[in-house]
Structure formats: structure tokens, C-alpha cells
Amino acid sequence: MKQQAFAEPAMHNAPEHRTSPRKPVHGSPGAESGGDDVDGVPPVTVVLVDDDKDVRLITADLLEDAGFRVLQAGRAEAALDILASNGDARVLITDVRMPGPMSGYDLALKARERWPSLEIMFVSGFGLPERRRLYFDCLLVSKPFNPDEFVNQVRGLAERAN
């Protein structure tokens with residue numbers, strides 16, 4: 001069964017071409033978006049990990065529209081490679097259940113060990129045991145989620161990472 005990412009069904013029918021300007025955010029209010037530097041300040045880089053390609057693409061589009069630079073991975077192992085080659089990543093957003101030898105929890109353990117200042121958000125339709133949430137001092141967002149609330153939560157993590 002495919003997980004629904006957003007609470008509003010309209011998000012599943014997002015247009016292929018953007019017709020409206022992007023919202024101005026770089027982890028701080030008022031900055032321009034679109035992945036370009038504004039006043040010499042680059043957008044906040046987020047690594048997004050979800051094995052469901054549709055969910056990942058829709059979520060990435062939502063974050064890019066909010067002004068974040070989004071690097072995507074479909075597996076935990078690929079996310080570690082992305083993190084290693086992009087030292088400016090500040091936020092890791094990962095699904096909990098993924099195929100392969102590493103779950104999102106395993107990914108978070110390895111990422112936090114190597115990059116202690118990296119902020120972590122788990123996104124899952126199945127939840128996460130309380131002890132793991134406390135251990136990571138991270139956010140857990142349940143699917144489906146409200147897009148505006150989700151973006152605000154990511155902004156909060158980005159500000160904490162500064």
C-alpha cells in the first residue's frame with residue numbers, strides 16, 4: 001500500500017510546471033528562494049530520503065518552493081553518500097521504513113555519529129518508538145501531513161542548525 005504524504009489531496013495533483021512564484025525562505029524569513037544565493041547567503045540544504053519516488057518528488061517540490069535546496073535519495077546508503085559529498089547539508093528528512101540493509105533509523109544513527117550538528121526529521125505512516133525520538137532529539141512527522149505545517153517544521157530545524 002502506498003503512503004500518502006500530504007493531508008490535502010490537491011497536493012497529489014501538483015502541476016508539472018510552476019505557475020506561481022516561489023515563497024521566499026532560506027531558513028530565515030524574507031530571503032529569496034529558487035536555490036540561488038541571496039545577498040551571498042545560499043539556501044539551506046536538506047537531504048530528503050524516501051523510497052517512494054512519488055512521495056519524494058512531491059515533498060522535494062514542496063521544499064524547493066519554500067526556498068530550500070533539496071538533495072534526494074531513495075535509499076539510506078545513497079543518502080550517506082550525498083551527505084558525505086555535500087558538507088553544507090543542515091537537515092536530514094528520512095522515511096523510517098525503507099528497503100535495503102538500512103532503515104531510516106539506522107541512517108539517522110550513522111548520520112548523527114558523523115555529522116553531530118545535522119538536524120533530523122523522521123517521516124512515517126507507522127510512527128517511531130518514543131525512546132528513539134528522545135535519543136535523537138528530532139521531529140517525527142506522521143503521514144499524511146499538512147504541507148504548511150511541514151514546511152514550518154523544516155524551517156524550525158534549519159534555524160536550529162544555524
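What is the volume of the largest cavity? About 70 Å³, and the protein around it alternates strands and helices in the pattern β-α-β-α-β-α-β-α-β-α. Keep in mind that this is a predicted model, where local features need pLDDT of at least 70, side-chain atom pairs count only at pLDDT 80 or more, and totals for chains, interfaces and linings use all residues. Residues are numbered from 1 along each chain as its sequence is written, and side-chain values use heavy atoms, with hydrogens and water left out.

**Overall layout**

- The protein has 5 helices and 5 strands, taken as DSSP runs numbered from the N terminus (helices are H or I with at least four residues, strands are E with at least two).
- Of the 162 residues, 44% are buried; here buried means under 20% relative accessible area, exposed means over 50%, and partly exposed is in between (1.4 Å probe, protein chains only).

**The cavity**

- The count comes to 1 cavity of 30 Å³ or more. A cavity here is a set of points, on a 1 Å grid over the protein atoms alone, where a 1.4 Å probe fits but cannot get out, and lining residues have an atom within 4 Å of a point.
- As for how the space is added up, grid points are joined across faces, edges and corners, and the volume is the space filled by probe spheres set on the points.
- The lining of the largest cavity takes in 13 residues, with Leu 48, Asp 50, Thr 59, Ile 93 and Val 123 nearest its centre.
- Strand 1 (45-49), helix 1 (53-65) and strand 3 (89-95) each put at least two residues into that lining, and strand 3 gives the largest share, 3 residues.
- Sorted by class, the lining has 8 nonpolar, 2 polar and 3 charged residues. The classes run like this: Ala, Val, Leu, Ile, Met, Phe, Trp, Tyr, Cys and Pro are nonpolar, Asp, Glu, Lys and Arg are charged, and the others, Gly among them, are polar.

**Salt bridges**

- There are 5 salt bridges in the structure, each one a side-chain nitrogen of Lys or Arg within 4 Å of a carboxyl oxygen of Asp or Glu.
- One of them pairs Glu 77 with Arg 75 at 3.5 Å, N to O. Glu 77 counts as partly exposed because its relative accessibility is 23%, and Arg 75 counts as partly exposed at 38%.
- Another pairs Asp 95 with Lys 143 at 3.7 Å, N to O. That pair ties together distant parts of the chain, 48 residues apart, with Asp 95 in strand 3 and Lys 143 in the loop between strand 5 and helix 5. Both Asp 95 and Lys 143 are buried.
- Glu 119 and Arg 160 also form a salt bridge, their closest N and O atoms being 2.6 Å apart. Here too the pair links distant parts of the chain: Glu 119 sits in strand 4 and Arg 160 in helix 5, 41 residues apart.
- The two partners sit in different classes of accessibility: Glu 119 is buried at 10%, while Arg 160 is partly exposed with a relative accessible area of 44%.
- Salt bridges with shared partners join Asp 50, Asp 95 and Lys 143 into one network.

**A buried arginine in helix 5**

- Arg 155 lies in helix 5 (residues 147-161).
- Which side chain of opposite charge is nearest to Arg 155? That is Glu 159, 6.9 Å away, so by the salt-bridge cut-off the buried Arg 155 goes without one. For the charge count, Lys and Arg are positive and Asp and Glu negative, with His and the chain ends not counted.
- Arg 155 does make a side-chain polar contact of 3.0 Å with Asn 152. The term covers a pair of N or O atoms within 3.5 Å; within protein, one must be able to donate a hydrogen and the other to accept it, and residues adjacent in sequence count only if both atoms are side-chain atoms.

**Two prolines in loops**

- Pro 144 is in the loop between strand 5 (139-142) and helix 5, and a cis peptide bond joins it to Lys 143, with omega about -5°.
- Pro 99 is in the loop between strand 3 and helix 3 (104-114), and is partly exposed with a relative accessible area of 37%.
- The C-alpha atoms of Pro 99 and Arg 75 are separated by 7.1 Å, although the two residues are 24 apart along the chain.

Notes: On a 1 Å grid over the protein atoms alone, a cavity is a set of points where a 1.4 Å probe fits but cannot get out, and a pocket is an open set with protein on both sides within 12 Å along at least five of seven lines; lining residues have an atom within 4 Å of a point.
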